[in-house]
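Visitor: Could you pull up the model so I can ask a few things about it?

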Amino acid sequence: PCTHMFERIKTKPKTHYSHIPNYIHKRSAMGHKEIVSVLSSLFVFFCVFALFCVTTIPAGHVGVVDFFGTVSDTPLESGLRFVFPLTRVVKMSTKTQIIEKAEDVPTTEGMQVHLEAAALIHLKPEEAVRMYKSVGADYLDKVVIPQFRSVIRSVTAGHEAKDLYTSTTRQGMTTAIQTELQKEIQSRGLVVEETPLKKLLLPPSLRQAIEDKLRAEQASQKMQWILAKERQEATRKSIEAGGVRRARSAITPGRRERASLTVNNAVDLSPSSRRYFTVPTDSEW
């Protein structure tokens, strides 16, 4: 029995601690996996965090920083920019934008003419924050277009329909529209570059009447030109006749007395050899 007990005591520690290296090896392998998992999670979190902190402002735009209703006074310029997470960045264009409108507008006489006009405008970069605070990002629909329509009607109402047919009046209207529109929207940081008139259609009856009147005026001007030419021709003939009379009056009286001279050949007095010269008489002078 003692020998058996001794053998049991001798072999028992060996049997009890034999699995420890395997356990340590398994725990070490599990630790590496946990470290890799943690690092992967941190990397994903960092990428997501970076996506929320980085924004891109396109060329020709500025970014207005809006953090839960608090708007920064300094706009972001174009390029890659870092912002606080959960910050909303509103991109506002500073490029030239075109607005086109087609309207039936009244003239001074109350006649309706169809007018198509355009406006080229842009927003000043330093005024983007104030525009966003006071109007919003959709300032074209809220401010520019209503003012543009009002200015078109106001300018057109100051001209008669027949005047709109001439290029001089159209050029004057273009300048007037640009000036008036600039006065209305310049306080909001907008600049009007140009307001070209694309198309102007008058009523058919008025257009025909204007064309008839223009043709009549052209015919009248042509007749005046013909009359002026005839008067110049009559004046020229009168001056020419006066010159002829003065030239004739300068001839001596002795020469007027010769009515006709017959010069005979001194050698041959036959009728065929005679030469006749006719000189005007006094009555012809």
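Visitor: Is Asp-73 buried or exposed?
Guide: The cut-offs on relative accessible area are under 20% for buried and over 50% for exposed, with partly exposed in between (1.4 Å probe, protein chains only). This is a predicted model, where local features need pLDDT of at least 70, side-chain atom pairs count only at pLDDT 80 or more, and totals for chains, interfaces and linings use all residues. Residues are numbered from 1 along each chain as its sequence is written, and side-chain values use heavy atoms, leaving out hydrogens and water. At 59% relative accessibility, Asp-73 counts as exposed.

Visitor: Which residue does Asp-73 form a salt bridge with?
Guide: The rule asks for a side-chain nitrogen of Lys or Arg within 4 Å of a carboxyl oxygen of Asp or Glu. For Asp-73 the closest N and O atoms are 2.9 Å apart, and the partner is Lys-133.

Visitor: How many residues apart in the chain are Lys-133 and Asp-73?
Guide: Elements here are DSSP runs numbered from the N terminus: helices are H or I with at least four residues, strands are E with at least two. Lys-133 belongs to helix H3 (residues 128–134), while Asp-73 sits in the loop between S3 and S4. That pair links distant parts of the chain, with a separation of 60 residues.

Visitor: How many salt bridges does the rule count?
Guide: In general terms, side chains of opposite charge can pair when their charged atoms come close. For this model, the count comes to 9.

Visitor: Which strand holds Glu-100, the partner of Lys-198?
Guide: The side chains of Lys-198 and Glu-100 meet in a salt bridge at 3.1 Å, N to O. The two are 98 residues apart, with Lys-198 in strand S9 and Glu-100 in strand S6 (residues 97–106). On accessibility, Lys-198 is partly exposed at 48%, and Glu-100 is partly exposed at 48%. Glu-100's strand, then, is S6.

Visitor: Which helix holds both Glu-233 and Arg-236?
Guide: These side chains form a salt bridge too, 2.6 Å from N to O. Glu-233 counts as partly exposed at 31% relative accessibility, as does Arg-236 at 43%. They are 3 residues apart, about one turn of their helix (residues 204–249), which is H6.

Visitor: Which residues do shared salt-bridge partners join into one network?
Guide: Here the salt bridges have partners in common. The network joins Glu-103, Arg-149 and Arg-153.

Visitor: Let's do aromatics. Is the pair of Phe-67 and Phe-68 stacked or edge-to-face?
Guide: Rings of Phe, Tyr and Trp (its six-membered ring) pair if their centres lie within 6.5 Å; planes under 30 degrees apart are stacked, over 60 edge-to-face and the rest tilted. A search of the whole structure turns up 2 aromatic pairs. In this one, the centres of Phe-67 and Phe-68 are 4.9 Å apart and the planes make 80 degrees, so the pair is edge-to-face.

Visitor: Which residue is the partner of Phe-67 in the pair at 90 degrees between the planes?
Guide: That pair is edge-to-face, at 5.6 Å centre to centre. It links Phe-67 in strand S2 (residues 61–67) to a ring in the loop between strand S4 (79–82) and strand S5 (88–93), 17 residues away. Phe-67 is partly exposed at 33%, and its partner, exposed at 58%, is Phe-84.

Visitor: Which residues make up the aromatic cluster?
Guide: Phe-68 is exposed at 66% relative accessibility. The one cluster is formed by Phe-67, Phe-68 and Phe-84.

Visitor: What is the strand order in the open sheet of 3 strands?
Guide: Two strands pair if DSSP finds at least two bridges between them. S2 and S3 pair in the antiparallel sense over 2 bridges, and Asp-66 stands opposite Val-71 in S3. The sheet has antiparallel pairing and the order S3-S2-S5.

Visitor: How far apart are the end C-alpha atoms of helix H5?
Guide: The expected span is 1.5 Å times one less than the number of residues. For the 19 residues of H5 (residues 167–185) that should be 27 Å, and the model agrees because its end atoms are apart by 27 Å.
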